[in-house]
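Let's take a walk through this protein one piece at a time. Keep the viewer open and follow along.

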Amino acid sequence: EILIGLVGSEMCIRDRPDEQMSLIGRSVVMQDIYRIIARLTTSDLTVMINGESGTGKELVARALHEYGRRRTGPFVAINMAAIPRNLIESELFGHERGAFTGATSRVAGRFEQAAGGTLFLDEIGDMPPEAQTRLLRVLQDGEFTTVGGTVPIRANVRIIAATHRDLRQAIRAGTFREDLYYRLNVVPMRLPPLRERVEDIPLLARHFLNENAEGAGSVRVLDDEAMAQLQAYRWPGNVRELENLMRRITALHPQESIGADIIAAELAEASSVAAQGEGGGGAAETLAEAVERHLRRFLSSGQDGMPLSDIYDKVIAEVERPLITMTLAATRGNQIRAAAMLGLNRNTLRKKIRDLDIPVVRGGT
């Protein structure tokens with residue numbers, strides 16, 4: 001039986017005393033994640049992990065594999081966003097010799113490589129439409145053929161998918177198949193951003209400092225003011241950003257005690273670099289430029305086999321949903337104040353909340 005407990009100061013999942021999973025945190029939201037993982041140890045149910053970049057989606061996928069029934073089989077990961085569109089089907093299902101120019105031998109795809117184990121489909125929201133159709137067929141039929149092949153191969157894998165995108169919004173925009181979404185979203189898991197579990201930041205920071213101290217000579221210690229500053233920061237890059245910061249501090253600052261001045265300087269430098277990267281040489285991107293950039297990408301999907309229709313309504317919904325969601329967050333769910341800020345009638349706001357499937361924060365009026 002897999003147990004949930006404490007090892008030192010870190011929350012972990014273990015099934016033997018000498019085993020420890022690399023997920024760290026004692027917050028309520030992380031304990032919920034551990035419980036879901038524990039409940040899925042005897043099941044091969046498909047899991048959809050949703051979370052911002054840097055929240056640890058692959059760590060959770062590996063934990064689901066390592067503590068599941070297929071732990072003795074391979075864990076194979078594929079990032080949909082990193083593969084050229086014309087090669088995704090070959091990557092997933094393999095190809096036969098002569099299937100296309102340059103195919104000089106038979107190559108097994110990720111479904112074959114993961115046989116008996118787990119296939120992790122990362123950034124599933126970036127999968128092109130033609131590959132979505134092929135994947136849906138495999139999930140329905142339980143078998144596939146290689147590119148250029150004719151002999152069906154049984155798909156003996158457990159699927160875990162992950163995305164940082166809102167797939168319901170992508171369905172409304174016509175860029176993700178609704179039937180595929182329901183095939184993948186059997187067990188949904190939401191990974192919280194670091195700003196929603198600030199109580200875990202001290203554990204994570206100490207873990208990363210100790211981990212990087214092995215090659216740096218001595219262990220670094222964060223004083224109380226430094227730790228408070230870490231907990232006050234918004235962490236747009238989540239756990240990955242915190243890990244990189246601790247690695248940088250270990251390498252650049254020889255003193256054992258790390259104060260708030262060092263943290264402030266490092267965070268300011270990181271924010272400056274990020275702003276330059278987003279704005280193109282330091283010039284802030286205007287809202288109109290951001291909208292134009294996203295519209296260009298949205299419209300290009302119509303050239304890749306995904307028919308476009310009702311573009312106006314879809315684009316307006318793309319803009320309205322985050323605008324209303326963030327306004328409600330700013331007013332702590334108070335719909336009267338949100339309607340006033342937006343310049344909308346309260347009944348109009350309520351209708352938009354319902355039509356756009358926006359979660360309502362309880363406690364506001």
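We can start with a single helix, bearing in mind that this is a predicted model. Helix α1 covers residues 28–39, twelve residues in all. From its first C-alpha to its last it reaches 17 Å, close to the 16 Å you'd expect at 1.5 Å a residue. Which of its residues are buried? They are Met-30, Ile-33, Tyr-34 and Ile-37. Look down the axis of α1 and these buried residues fall within an arc of 100 degrees, so they line one face of the helix. That fits the textbook picture: an α-helix has 3.6 residues a turn, so residues three or four places apart point the same way. Turned away from the buried side of α1, the other face carries the exposed residues Val-28 and Arg-39.

Zooming out for a moment, the protein has 15 helices and eleven strands. Of its 365 residues, 41% are buried. If you take the contacts between residues at least 6 apart in sequence, 66% of them join residues at least 24 apart.

Now for the strands. Five of them form an open sheet with parallel pairing, in the order β4-β5-β8-β3-β9. β4 and β9 (187–190) stand at the edges with a single partner strand each, so one side of each is left without a neighbour in the sheet. On average, neighbouring strands here are turned by 20 degrees against each other, ignoring direction.

Strand β5 (residues 118–122) is a good place to see how the pairing works. β4 (residues 75–79) runs parallel to β5, and five bridges join the two. Within that pairing, Ala-77 has Phe-120 of β5 as its bridge partner. β5 also pairs with β8 (residues 158–163), again in the parallel sense, over four bridges. There, Leu-121 stands opposite Ala-161 in β8. Further along, β3 (residues 47–50) and β9 pair in the parallel sense over four bridges, with Met-189 of β9 as the bridge partner of Ile-49.

How many of the five residues of β5 are buried? Five of the five, as it turns out. Both faces of the strand are covered, with Thr-118, Phe-120 and Asp-122 buried on one side and Leu-119 and Leu-121 on the other. As for what packs on the sheet, helix α2 (residues 57–66) lies across β3, β4, β5, β8 and β9 and runs at about 155 degrees to β3.

Two of those β5 side chains come up again in the largest nonpolar core, which has 29 residues. Leu-119 and Leu-121 are among the members that touch the most other members, along with Leu-92, Phe-111, Ile-124, Phe-176 and Leu-184. Several elements give two or more residues to this core: β4, α3 (88–93), β5, α5 (129–141), β8, α6 (167–173) and α7 (178–184). α5 gives the most, with four residues. Phe-176 is worth clicking on: leaving out residues up to four places away in sequence, it touches Ile-124, Gly-125, Gln-132, Leu-167, Ala-170, Ile-171, Tyr-181 and Leu-184. Apart from this core lies another, of 23 residues, among them Ile-24, Tyr-233, Leu-242 and Ile-263.

Let's stay with α5 a little longer. At 1.5 Å a residue, its 13 residues should span 18 Å, and its end C-alpha atoms are 19 Å apart, which agrees. Its buried residues are Pro-129, Ala-131, Gln-132, Arg-134, Leu-135, Leu-136 and Val-138. What covers them includes α3, α4 (110–113), β5, β6 (143–144) and α7. After α5 comes Gly-142, which has a positive phi, near 75 degrees.

One last stop takes us to helix α8 (residues 201–213), where Ala-205 sits. Is Ala-205 buried or exposed? Its relative accessible area is 0%, so Ala-205 counts as buried. Not counting residues up to four places away in sequence, Ala-205 touches Leu-222, Met-227, Leu-230, Leu-242 and Met-246. Take Met-227 from that list: Met-227 and Ala-205 are 22 residues apart along the chain, and their C-alpha atoms are separated by 8.5 Å. Leu-242, also touched by Ala-205, is one of the residues in the 23-residue core.

Notes: Residues numbered from 1 in each chain as written. Predicted model: local features only at pLDDT ≥ 70, side-chain atom pairs only at ≥ 80, totals over all residues. Heavy atoms only, no water. Expected span 1.5 Å × (residues − 1). Buried < 20%, exposed > 50% of the residue type's maximum accessible area, 1.4 Å probe, protein only. Arc of directions from axis to C-beta. Pairing = 2+ DSSP bridges. Axes fitted to C-alpha atoms, helices over the stretch in contact; angles between N-to-C directions. Contact = heavy atoms within 4.5 Å. Core = buried A, V, L, I, M, F, W, Y, C linked by side-chain atoms within 4.5 Å.
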